[in-house]
Amino acid sequence: MDKTEYIRLLSDASIKDTTKFTPINTERPKTRGRPPKHYHPLLQKEKQLESVVRKILPKPIADTVCRKGSRLAHLYGLPKTHKQQLSMRPILSSTGTYNFALAKWLEEKLKPLSLNQHTICDIFSFAEVIRETPLNPNDILVSYDVCALFTNVPLDETIEIIAEKAFKNNWFNETHGLNLTKTGLTELLRIATKDQLFQFDGQLYEQVDGVAMGSPLGPLMANVFLCSIEEQLDRNNKLPSFYKRYVDDTLATMPNIQAATAFLSTLNECHPAIQFTMEIAENNKLPFLGMMIEKNGCHLTTSVYHKPTDTGLLLHYQSHVDQRYKRSLLNTMLNRAYRLSSTKESFTKECQHLKRMFTKLKYPVKLINSAIAWYTSSTIQSRHETPTELDAATQKPVRITLPFKDQKSADTVRHQLKDLGRKIGTDLQPVFTSRKIEGKLKIQEEKPALINHQCVVYTFKCDSCDADYIGYTTRHLHQRIEEHKASVIGKHLKEAHSVASTSLEEIRREDIVITKPDKGSGVVVMDKTEYIRLLSDASIKDTTKFTPINTERPKTRGRPPKHYHPLLQKEKQLESVVRKILPKPIADTVCRKGSRLAHLYGLPKTHKQQLSMRPILSSTGTYNFALAKWLEEKLKPLSLNQHTICDIFSFAEVIRETPLNPNDILVSYDVCALFTNVPLDETIEIIAEKAFKNNWFNETHGLNLTKTGLTELLRIATKDQLFQFDGQLYEQVDGVAMGSPLGPLMANVFLCSIEEQLDRNNKLPSFYKRYVDDTLATMPNIQAATAFLSTLNECHPAIQFTMEIAENNKLPFLGMMIEKNGCHLTTSVYHKPTDTGLLLHYQSHVDQRYKRSLLNTMLNRAYRLSSTKESFTKECQHLKRMFTKLKYPVKLINSAIAWYTSSTIQSRHETPTELDAATQKPVRITLPFKDQKSADTVRHQLKDLGRKIGTDLQPVFTSRKIEGKLKIQEEKPALINHQCVVYTFKCDSCDADYIGYTTRHLHQRIEEHKASVIGKHLREAHGVASAGLGKMFSVLKKCRGKMDCLIHEMLFIREQKPKLNTQSDSIRAKVFI
């Protein structure tokens, strides 16, 4: 429409009626006293509503219906193109307004008052009713319509009617368990419906009478008012024998035209505020609510009715929408045709109409015919229940709204949600939404920033320095700004330019390394040169275990690969081996593209007299990490025997119950650098032998591998691990990486084989227990202990053991102090001399529950490792001092300790952390920690959701740690370091650009782009090939994982609006892929 004509027609239908709509002055009124800092009529409305609501409703309800950060109502019009004289239906959308939540709450509670025996609730049920209604032969059909019902409803009068009905026999309070007065309900109804603020054509208005068509209370108020008129007519016996109404549309039967005209006069005399119009059936046919109702003798028949202005414009088959919705639309229209058609002929006729209509919408003819055939088959004749009727026992589905990306993604999401729903016993159904063009085309009203800046992400930039801050608020921005005066922003403005602040960049220096110790908690600051020297001594200096690798491309016959790096060759080699041995579904999960180099770092052994380094080769994300994880899971049972300690608490109970000889002594044995000294080939052979003893591996896991195949998989998962250290590439050629998923398994298997060898030769002591490389044994004397040490060191040339003998019958072992008292052992908690007591500080940016949980965990550990009440009490005193230093409230510490020392703990025969076997395993959801209020809200909402779907949902809040900013950064080649990135393409011949992400190597994704929209652009726009394409790509962001990539891709697309991208917001759909 022409905009001027649109505004004129909408004005005529709304604001021109000055008895219903009043213009409002936005200037601040003159008042005594200090005026408010921020003024707008909307802000006054918010305060007024909160004042009224909090006086009348209980606090929990008041908190939900009092909205801060509301918006003005939005007036728009829908042209009545079906009328001869073009006019406009005004809609006043109140979503998000100050009284919307209150109106929704009232509508839900008062809905039963808007219904009576004449009300039509469902068009399909109504169609069945009228078909069964007997008529007199001379009766005629008449419909009555109310002119502009919503804007003409007498608001005050209707509110009084509702209040009367609601408090008849105190129905409202008894039904909803409340304690309101009639006056209170009246006040709530007034503030929820009267004086709705909106802006139109730059002017602010208030609707002073009538109810907004767009308010949740609109249909309820209209129905209540008309119900009162019907009840009045019913009492005076003025209603016809057949009378049914759907909001403002009424159907009745009359003996003749004179009676119909007389009843119209009766209706128009009922109330001066509203006027009715009448339509009489022509040739015994009358259109009503999308049906053509026809009188045949003494009964009525129905069929689908199409208005002359019906365009048949529904969802086009080529629309960017899930295919299921298109099929569902077709089925819905056929279902509507079937339920509104009283004869087979009318249904067949409507099917022909639908066939023509959907063919124009480009729906496949085969799809249309198959749907129609199903409805016209004998099946439909036998359907006594309504086609959409649901079994009452059917579980209500949980619907999850997601943006639609493409059909493949939608099918994947649907399949994954179905699997998840089956696991948690809930019907999970995705609802895919597409961005509609109307949102871009509707008229935008310029509103004052004071009230339009709500539900925003904002930034603060200091005008005296480069400090900045980003946050969000769902309230008005000016309200959040006021709060920031007491936040970090206010603190910065007061202190930043007079007191120096310490930033991460100032802490991080190139000549020092900040790390954590090998044992216990704490912070170690080292000279970088010394750190590298000690780490080199503990790792790469041993050339029998570590070999430097040349990164230059080797000379080969034939055409060399376009991209070369040893890591890329490792990826290809692994994929080649794995796909020959493992079934395709498993091979697909363990073959990783876009892997990274392993990362070597060291943890200083501060608890040793001579400072040394424990080398850790982190293999997370490396080419063989997924394969190592899979093998570790399958082979884990082979790493255990009767001497293995799996759990320190169970071990503490075992040794307390172990009888000893009076002269026995305690001895511990430790393996020097076990992981790097494990003989890899030998250990792999041991595993393969055990795995294929009686074909255990295949029978246990339902596979069909050979012993040689498993050996190959183990070799490629553990041998020749690539890593970069101090700018040089290395390979670990022997030993297993401490940091590999297979590390502990390989170490345990190797030591188990030594123990089995000693056991066969009866050389193991009577009491012998081992946890990885730490072993506890009892010996009759020191000579026997020394002899057993020699026996251990003779078992294999690759490893060497050391020995520690108990002093004064006391020996520290696995965080316990084990003491021999006569013929039995006692245990208590042991603290190393280097223990700093550095645990989670109470002022840390972490969920409060984790702090309380840490306190309880430490007390639980103290209780389970203490064999006497005295040792537990002593440890409680230590914990009290330690947590007091960490600023934990004394009251919190004392209450936790009191609970453990009370009589309750004495009667606990089960272990304190033992779970009931019947307890449902919780589903944990990882979320970033923002603040305590947000964490509590999320926990409460997940608890409610879990209760609805019958699953224990628990949030796990993570905080960003400072160590990520401080660790040493290794410069790696871009060829292999550009994986898991968000990238951009910028055409060097025009301003076309593109943003995307990949979790693989970037060069692999660039090759694929030759056949994508980028390659197409270069060919069609500039007539050039895709040679030299890589130069036009650059990395925007290096990410931690796929989720991180998705988030940053979306943010960059929104910020830069690249011309070649077809999507703008696909994050929620992609999360499930």
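## Exercises on a predicted model

The structure holds 25 aromatic pairs. Rings of Phe, Tyr and Trp (its six-membered ring) pair if their centres lie within 6.5 Å; planes under 30 degrees apart count as stacked, over 60 as edge-to-face and the rest as tilted. This is a predicted model, where local features need pLDDT of at least 70, side-chain atom pairs count only at pLDDT 80 or more, and totals for chains, interfaces and linings use all residues. Residues are numbered from 1 along each chain as its sequence is written, and side-chain values use heavy atoms, with hydrogens and water left out.

### Exercise 1: ring pairs

Classify the pair of Phe404 and Phe432, and place both residues in the chain.

Step 1. The ring centres are 6.1 Å apart and the planes stand at 75°, so the Phe404–Phe432 pair is edge-to-face.

Step 2. Phe404 lies in the loop between β13 (398–403) and α16 (407–424), and Phe432 in strand β14 (residues 428–433), so the pair ties together parts that are 28 residues apart in sequence. Helices (H or I, at least four residues) and strands (E, at least two) are DSSP runs, numbered from the N terminus.

Step 3. Phe404 has a relative accessible area of 11% and is buried. Phe432 is buried too, at 6%. Buried means under 20% relative accessible area, exposed over 50%, partly exposed in between (1.4 Å probe, protein chains only).

Step 4. Now take Tyr863 and Phe872. Their pair is edge-to-face, with 5.9 Å centre to centre and 75° between the planes. Tyr863 is partly exposed at 22%, while Phe872 is buried at 6%.

### Exercise 2: an open sheet

Give the strand order of the sheet that holds β7, and name its edge strands.

Step 1. The order is β7-β8-β4-β9, in an open sheet of four strands with antiparallel pairing. Two strands pair if DSSP finds at least two bridges between them.

Step 2. β7 (243–246) and β9 (276–280) are the edge strands, each pairing on one side only.

Step 3. β7 and β8 (residues 249–254) are antiparallel and share four bridges. Lys244 stands opposite Leu251 in β8.

Step 4. Helix α11 (residues 257–268) packs on the sheet and touches β4 (140–146), β7, β8 and β9. Contact means heavy atoms within 4.5 Å. The direction of α11 makes about 165° with that of β9. Axes are lines fitted to C-alpha atoms, for helices over the stretch in contact, and angles run from 0 to 180 degrees between N-to-C directions.

### Exercise 3: two hairpins

Find the residue with a positive phi in each hairpin made with β11.

Step 1. Strand β10 (residues 285–288) joins strand β11 (residues 291–296) through four bridges, running antiparallel. Phe288 stands opposite Met291.

Step 2. Two residues lie between β10 and β11, and Leu289 takes a positive phi near 50°.

Step 3. β11 and strand β12 (residues 299–304) are antiparallel, with six bridges. Ile293 stands opposite Thr302 in β12.

Step 4. This hairpin also has two residues between its strands; Gly297 in the turn has a positive phi of about 70°.

### Exercise 4: a helix face

Explain why the buried residues of α41 line one face.

Step 1. In α41 (residues 1013–1022), Ile1014, Gly1015, His1017 and Leu1018 are buried.

Step 2. Down the axis of α41, the buried residues fall within an arc of 160°, so they line one face of the helix. The arc is that of the directions from the helix axis to the C-beta atoms.

Step 3. Their cover includes β33 (979–986), β34 (993–1001) and β35 (1033–1038).
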